[in-house]
Number of protein chains: 2
Amino acid sequence: MKVKADDRLQHAREEFIAQWGAMGTQWGINRTMAQIHALLMTAAEPMSTDEVMEALEISRGNAHANLKELVAWGLLRAVVKKGERREYFEAEKDVWRIFTVVARERKRREIDPALEVVRKCAEESRGIATPEGRAFHEQMRQLEEFVEFASRMADRVAMMKHGFAIQMAAKLLG
Amino acid sequence: MKVKADDRLQHAREEFIAQWGAMGTQWGINRTMAQIHALLMTAAEPMSTDEVMEALEISRGNAHANLKELVAWGLLRAVVKKGERREYFEAEKDVWRIFTVVARERKRREIDPALEVVRKCAEESRGIATPEGRAFHEQMRQLEEFVEFASRMADRVAMMKHGFAIQMAAKLLG
DNA sequence: CATCAGTTTCAATTATTTCCGAAAATTTAG
DNA sequence: CTAAATTTTCGGAAATAATTGAAACTGATG
């Protein structure tokens with residue numbers, strides 16, 4: 001009976017890791033990174049680099065790079081077990097915190113550069129007197145205004161506490 | 001003087017197209033697609049496939065595939081000039097509408113599949129009696145709840161009118 | 001029905017990203 | 001200091017995605 005429960009769990013967990021990894025692709029996150037995150041998010045205990053390598057059957061270099069990246073994002077913490085030399089990694093498991101971390105990162109990668117681009121283009125096209133020039137500038141201006149708005153919204157959302165977000169959402173979904 | 005204005009415009013526009021294209025990459029949108037969108041968003045008149053090919057120096061196949069894709073997304077409309085046989089394309093220029101279109105598409109590609117995955121995993125792990133099994137199931141349940149929430153939020157936002165969104169935002173940013 | 005303008009498809013190529021594996025560097029222990 | 005354990009780096013292999021170029025198709029027109 002205990003064996004069967006373990007099998008079911010292992011099966012479900014492996015499926016989750018595989019699927020979550022495949023999904024990472026759609027999210028612009030590489031597959032290994034998403035798999036490691038899934039693995040650790042569903043691990044009872046922190047895991048070492050070697051354990052991760054073995055569990056996912058990936059190379060050391062790959063495991064290493066993606067563990068580092070996940071730590072940089074703030075989705076993993078490196079922990080040291082006392083008396084042990086190597087590092088273990090444990091995942092952030094709170095879904096809201098995971099969300100805010102990812103939101104911050106995506107904002108940084110997707111919104112901030114866009115803002116720079118449209119600002120520059122709006123600036124460069126200021127005061128061109130032809131009708132086409134005016135139209136272009138106006139288009140850039142609107143884009144800039146919108147992206148700035150999106151940027152501020154993203155900051156706010158990323159800072160929100162879970163409770164406040166729910167409250168906010170109630171209004172929106174009501 | 002007129003020439004100088006035209007040069008400035010052309011320069012700014014080319015920069016916008018190039019940069020917006022590069023940014024597309026970050027957004028999980030391919031470069032050509034983003035460039036075509038940028039080109040048409042800043043075009044005074046609708047353009048034909050051949051004009052797009054020439055302006056961006058890309059092949060017919062590439063131009064064609066990405067124009068179709070943009071039409072499918074709803075970011076371009078195909079228009080027919082009377083007396084002309086070929087199709088011309090014109091871009092949606094309203095930034096809010098562009099945003100809602102992209103939001104819908106990304107939701108479809110990023111959130112919906114995630115929801116399926118976590119639902120399946122939550123289902124499969126229901127009732128596993130070991131402590132690890134319970135923890136896994138609980139993690140999946142929380143993920144499911146959150147992704148469902150995100151899904152509903154995305155739907156709402158994608159449906160919003162610009163005015164309402166601004167009003168909403170005022171509360172958030174206030 | 002032959003031709004022409006234009007559209008669509010697709011196999012082959014090219015570019016980009018990811019991953020491996022092994023070596024180099026670093027850290028800790030004895 | 002030396003040796004063992006562990007982390008980090010990196011060049012090239014493998015996988016994936018984007019793009020080309022040319023051929024096949026469509027359907028209007030004389």
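Modeller: A residue counts as buried under 20% relative accessible area, as exposed over 50%, and as partly exposed in between. The model here is predicted. At 39% relative accessibility, A:Arg77 is therefore partly exposed.

Colleague: Which residue forms a salt bridge with A:Arg77?

Modeller: The partner is A:Glu90, and the closest N and O atoms of the two are 3.4 Å apart. A:Arg77 belongs to strand 2 (residues 76-80) of chain A and A:Glu90 to strand 3 (residues 87-91) of chain A, so the pair links distant parts of the chain, 13 residues apart. A:Glu90 is partly exposed too, with a relative accessible area of 29%.

Colleague: Which residues are linked with A:Arg77 and A:Glu90 in a network of salt bridges?

Modeller: The network also takes in A:Glu92 and A:Arg97.

Colleague: How many salt bridges does the rule count over all chains?

Modeller: The count comes to 30. One of them joins the side chains of A:Asp50 and A:Arg60, at 2.9 Å from N to O. These two residues are 10 apart and lie in distant parts of the chain, A:Asp50 in helix 3 (residues 49-56) and A:Arg60 in helix 4 of chain A. Both are partly exposed: the relative accessible area is 33% for A:Asp50 and 46% for A:Arg60.

Colleague: How many salt bridges are there between chain A and chain B?

Modeller: Between these chains the count is 4. In one of these, B:Glu15 pairs with A:Lys120, with the closest N and O atoms 2.6 Å apart. B:Glu15 lies in helix 1 (residues 2-26) of chain B and A:Lys120 in helix 5 of chain A, so the pair joins two chains.

Colleague: Are B:Glu15 and A:Lys120 buried or partly exposed?

Modeller: B:Glu15 is buried, because its relative accessible area is 16%, under the 20% limit. A:Lys120, at 42% relative accessibility, counts as partly exposed.

Colleague: How many residues does each chain bring to the contact?

Modeller: Chain A brings 58 residues and chain B brings 57. The area buried between chain A and chain B is about 5400 Å², and carbon and sulfur atoms give 74% of that area. Polar contacts are present as well, with 12 residue pairs across the interface, both residues at pLDDT 80 or more.

Colleague: Which elements give two or more residues to the side of chain A that touches chain B?

Modeller: They are helix 1 (2-26), helix 5 (95-124), helix 6 (131-159) and helix 7 (162-173) of chain A. Helix 1 of chain A gives the largest share, 14 residues. By class, this side of chain A has 32 nonpolar, 10 polar and 16 charged residues.

Colleague: Now the DNA. How many residues surround DNA strand D?

Modeller: There are 16, and the closest are A:His64, B:Thr32, B:Ser59, B:Asn62 and B:Arg85. The residues of this surface divide into 1 nonpolar, 7 polar and 8 charged.

Colleague: Which helices supply at least two residues each?

Modeller: Helix 4 (60-73) of chain A does, together with helix 2 (31-41) and helix 4 (60-73) of chain B. The largest share, 4 residues, comes from helix 4 of chain A.

Colleague: Which parts of DNA strand D do the side chains of A:His64, B:Asn62 and A:Arg85 approach?

Modeller: An N or O atom in the side chain of A:His64 is 3.3 Å from a phosphate oxygen of the strand. A polar side-chain atom of B:Asn62 lies 2.9 Å from a phosphate oxygen. For A:Arg85, the side-chain N or O atom is 2.9 Å from a base nitrogen. Of the strand's atoms within 4 Å of the protein, 63% belong to sugar or phosphate and the rest to bases.

How values were computed
Residues are numbered from 1 along each chain as its sequence is written. Chains are lettered from A and ligands numbered from 1 in the order in which they are written. This is a predicted model: local features need pLDDT of at least 70, side-chain atom pairs count only at pLDDT 80 or more; totals for chains, interfaces and linings use all residues. Side-chain values use heavy atoms; hydrogens and water are left out. A residue is near a molecule or strand if one of its heavy atoms lies within 4 Å of it. A polar contact is a pair of N or O atoms within 3.5 Å; within protein, one must be able to donate a hydrogen and the other to accept it, and residues adjacent in sequence count only if both atoms are side-chain atoms. Ala, Val, Leu, Ile, Met, Phe, Trp, Tyr, Cys and Pro count as nonpolar, Asp, Glu, Lys and Arg as charged, and the others, Gly among them, as polar. Contact means heavy atoms within 4.5 Å. Buried area is the accessible area (1.4 Å probe) that two parts lose on being put together, summed over both. Buried means under 20% relative accessible area, exposed over 50%, partly exposed in between (1.4 Å probe, protein chains only).
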